[in-house]
Amino acid sequence: MNVAPSVGEMFLMSLADTTMNKSLRVSKVSCCVVNCSSSYANTSDDVKFYRFPSRSYEKNRRKTWINNVDRTLPGNKPWEPKENDRICSKHFVGNSKSNIELHPAYNPTIFPK
């Protein structure tokens with residue numbers, strides 16, 4: 001005979017699911033924006049990490065992202081993101097990147113001061 005779980009048991013199961021999902025975020029991925037401390041290890045699942053645009057038709061978008069991130073190397077040399085560099089969703093309007101060119105979240109625009 002199957003018995004439906006009680007409300008308390010359902011709560012404990014959902015709590016276990018949440019704990020398990022959080023423990024899966026152990027990657028070394030972190031945000032490349034200066035003074036942003038977001039990483040997989042210290043953020044919740046609602047923070048996403050995006051690669052810089054790299055397709056041939058996204059050259060202008062990539063340049064905009066790099067300009068907006070506004071990083072430089074020692075000696076004031078221009079910074080170029082590496083393949084593993086990511087930018088977190090906290091830098092996009094609405095906490096999520098959009099692929100619609102006219103959308104405010106098409107490019108990152110929110111940065112720490």
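A residue counts as buried under 20% relative accessible area and as exposed over 50%, with partly exposed residues in between. This tour of a predicted model relies on those terms at most of its stops.

**The whole chain**

Begin with the entire protein chain displayed as a cartoon. Two helices and four strands are present, and along the sequence they follow the pattern α-β-α-β-β-β. Of the 113 residues, 27% count as buried. The chain exposes about 8,400 Å², of which carbon and sulfur atoms supply 55%. Among contacts with a separation of 6 or more, 49% are between residues 24 or more positions apart.

Next, colour the chain by pLDDT. The mean is 86, and 77% of the residues reach 70 or more. Residues 18–23 should be viewed with this colouring in place: the pLDDT there is below 50, and the stretch has six contacts in the model beyond near neighbours in sequence.

**Asn76 and Asp70: two positive phi values**

Select Asn76, in the loop between S2 and strand S3 (77–78). Its phi is positive, about 60°, although Asn76 is not a glycine. Asn76 counts as exposed because its relative accessibility is 65%.

Now move to Asp70, in the loop between H2 and strand S2 (72–73). Asp70 likewise is not a glycine, and its phi is positive at about 55°. With a relative accessibility of 62%, Asp70 is therefore classed as exposed. Asp70 comes just after H2, and that helix is the next stop.

**Helix H2 and its two sides**

Select residues 59–69, which form helix H2, and show the side chains of Arg61, Trp65, Ile66 and Val69; these four are buried. They cover an arc of only 135° around the axis, so they lie on the same side of H2. A general point about helices is helpful here: an α-helix has 3.6 residues a turn, so residues three or four places apart point the same way.

Rotate the view to the other side of H2, where Lys59, Asn60, Lys63 and Asn67 are exposed. Then return to the buried residues and display what covers them, which includes S1 and strand S4 (86–88).

**The largest nonpolar core**

In soluble globular proteins, nonpolar side chains tend to be buried together. In this model, the largest nonpolar core has 16 residues, and Cys31, Phe52 and Ile87 touch the most other members. The elements that give two or more residues to this core are S1, H2 and S4. H2 gives the most, with three residues.

**Cys31 and its surroundings**

Centre the view on Cys31, in the loop between H1 and S1. Cys31 counts as buried because its relative accessibility is 8%. Which residues are in contact with Cys31, leaving aside its neighbours within four places in sequence? They are Cys36, Ser38, Phe49, Arg86, Ile87, Cys88 and His91. A distance label from Cys31 to Lys90, C-alpha to C-alpha, should read 9.5 Å, although the two are 59 residues apart in sequence.

**The cysteine sulfurs**

Show the sulfur atoms of Cys31, Cys32 and Cys36. How many disulfides does a search of the whole structure find? It finds zero. The cut-off matters at this point, because a disulfide is a pair of cysteine sulfur atoms within 2.5 Å.

- The sulfur of Cys36 has its closest cysteine sulfur in Cys31, at 3.8 Å, which is too far for a bond.
- The sulfur of Cys32 also has its closest cysteine sulfur in Cys31, at 5.3 Å, again too far for a bond.

Both partners of Cys31 in this comparison can also be checked for accessibility. Cys32 counts as buried because its relative accessibility is 7%. Cys36 is buried as well, with a relative accessible area of 16%.

**Ser39, the last stop**

Finish at Ser39, in the loop between helix H1 (7–23) and strand S1 (49–51). Is Ser39 buried or exposed? Its relative accessibility is 15%, so Ser39 counts as buried. Leaving aside neighbours within four places in sequence, Ser39 is in contact with Val29, Ser30 and Phe49. Keep Phe49 selected and bring Cys31 back into view: Phe49 is also among the residues in contact with Cys31.

Definitions and conventions
Residues numbered from 1 in each chain as written. Predicted model: local features only at pLDDT ≥ 70, side-chain atom pairs only at ≥ 80, totals over all residues. Heavy atoms only, no water. pLDDT = per-residue confidence, 0-100. Contact = heavy atoms within 4.5 Å. Buried < 20%, exposed > 50% of the residue type's maximum accessible area, 1.4 Å probe, protein only. Arc of directions from axis to C-beta. Areas by Shrake-Rupley, 256 points an atom, 1.4 Å probe, with all protein chains shown as cover. Core = buried A, V, L, I, M, F, W, Y, C linked by side-chain atoms within 4.5 Å.
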